[in-house]
Amino acid sequence: MESRGFTLVELLVVLAVGSILLAIAVPGYAYLANANRVVAVTNELVATLQFMRSEAIKRASRVTVCKTHDAMAAAPVCDPAAAWEQGWVVFVDDGTRGVIDGGDRVLRAQGGIPNVTITPRPNFSLYVSYKADGTSQGMNNLGTGTLAICAGGNRRDIVVSNTGRPRVEAGTC
């Protein structure tokens with residue numbers, strides 16, 4: 001009689017080898033996932049800053065992004081107590097700088113981003129504005145600033161120059 005299939009010993013050996021390979025691969029995957037998360041958030045923030053600069057020049061008006069705890073609300077507000085990773089709102093800032101007033105128009109909103117920390121330098125701690133000439137300005141009236149994005153030991157810094165152009169630098173948390 002001819003038998004087909006695998007013996008119990010063969011199945012256990014395959015299972016053991018697979019478990020060892022999986023144990024080796026999982027830590028590398030976590031690092032890769034964190035690195036990709038940091039890159040994705042960095043790209044989203046850089047795209048937001050470039051969009052703001054373009055809109056400020058196009059509209060000949062100040063455009064601001066501020067942090068908020070609920071970007072998807074019907075009427076989002078800038079929240080000094082919120083963290084940048086909780087979300088942000090881009091708006092035409094015709095009134096009080098860094099505050100969504102009655103006449104301001106919301107252009108774009110980004111909801112919360114889990115498992116990432118965004119740490120601003122003091123000038124960009126509450127908001128970032130672009131003036132009609134395309135230059136940036138933070139709460140201390142300085143044009144330069146940095147937003148550091150960290151997850152799982154991976155870090156990217158978005159550095160905004162005096163002219164308002166963002167660039168990205170790599171680092172470690």
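Let me begin with what I mean by a strand here: a strand is a DSSP run of E of at least two residues, and strands are numbered from the N terminus; two of them pair if DSSP finds at least two bridges between them. The model in front of you is a predicted one, so please hear everything that follows as a description of that prediction.

With that in hand, strand 7 and strand 8 form a hairpin with 2 residues between them, and in the turn Gly-152 has a positive phi of about 55°. Strand 7 covers residues 145-151 and strand 8 covers residues 154-160, and the two pair in the antiparallel sense over 7 bridges. To place yourselves along this pairing, you can look for Gly-145, which stands opposite Val-160 in strand 8, and for Ile-149, whose bridge partner in strand 8 is Arg-156.

The hairpin belongs to an open sheet of 4 strands, in the order 4-7-8-9, with antiparallel pairing. Strand 4 (117-120) and strand 9 (166-172) are the edge strands, each pairing on one side only, and neighbouring strands are turned by 20° against each other on average, direction ignored. Helix 1, residues 8-59, packs on this sheet and touches strand 4, strand 7, strand 8 and strand 9, while its direction makes about 10° with that of strand 8.

On its other side, strand 7 pairs with strand 4 in the antiparallel sense over 4 bridges, and here Ile-118 stands opposite Ile-149.

How many of the residues of strand 7 are buried? The count is 7 of 7, with Gly-145, Leu-147, Ile-149 and Ala-151 on one side and Thr-146, Ala-148 and Cys-150 on the other.

Cys-150 brings me to the disulfides, of which a search of the whole structure finds 2. One joins Cys-150 to Cys-173, with an S to S distance of 2.4 Å, and because the torsion about its S-S bond is about -125°, this disulfide is left-handed. Cys-150 lies in strand 7 and Cys-173 in the segment after strand 9, so the pair ties together parts that are 23 residues apart in sequence. Are these two cysteines buried or exposed? Cys-150 counts as buried because its relative accessibility is 17%, under the 20% cut-off, whereas Cys-173, at 52%, counts as exposed.

The other disulfide joins Cys-66 to Cys-78, S to S 2.0 Å, and is left-handed too, with -80° about the S-S bond. Cys-66 sits in strand 1 and Cys-78 in the loop between strand 1 and strand 2, 12 residues apart. Counting bonded cysteines along the chain, the pattern is 1-2, 3-4.

Terms used:
Residues are numbered from 1 along each chain as its sequence is written. This is a predicted model: local features need pLDDT of at least 70, side-chain atom pairs count only at pLDDT 80 or more; totals for chains, interfaces and linings use all residues. Side-chain values use heavy atoms; hydrogens and water are left out. Axes are lines fitted to C-alpha atoms, for helices over the stretch in contact, and angles run from 0 to 180 degrees between N-to-C directions. Contact means heavy atoms within 4.5 Å. Buried means under 20% relative accessible area, exposed over 50%, partly exposed in between (1.4 Å probe, protein chains only). A disulfide is a pair of cysteine sulfur atoms within 2.5 Å.
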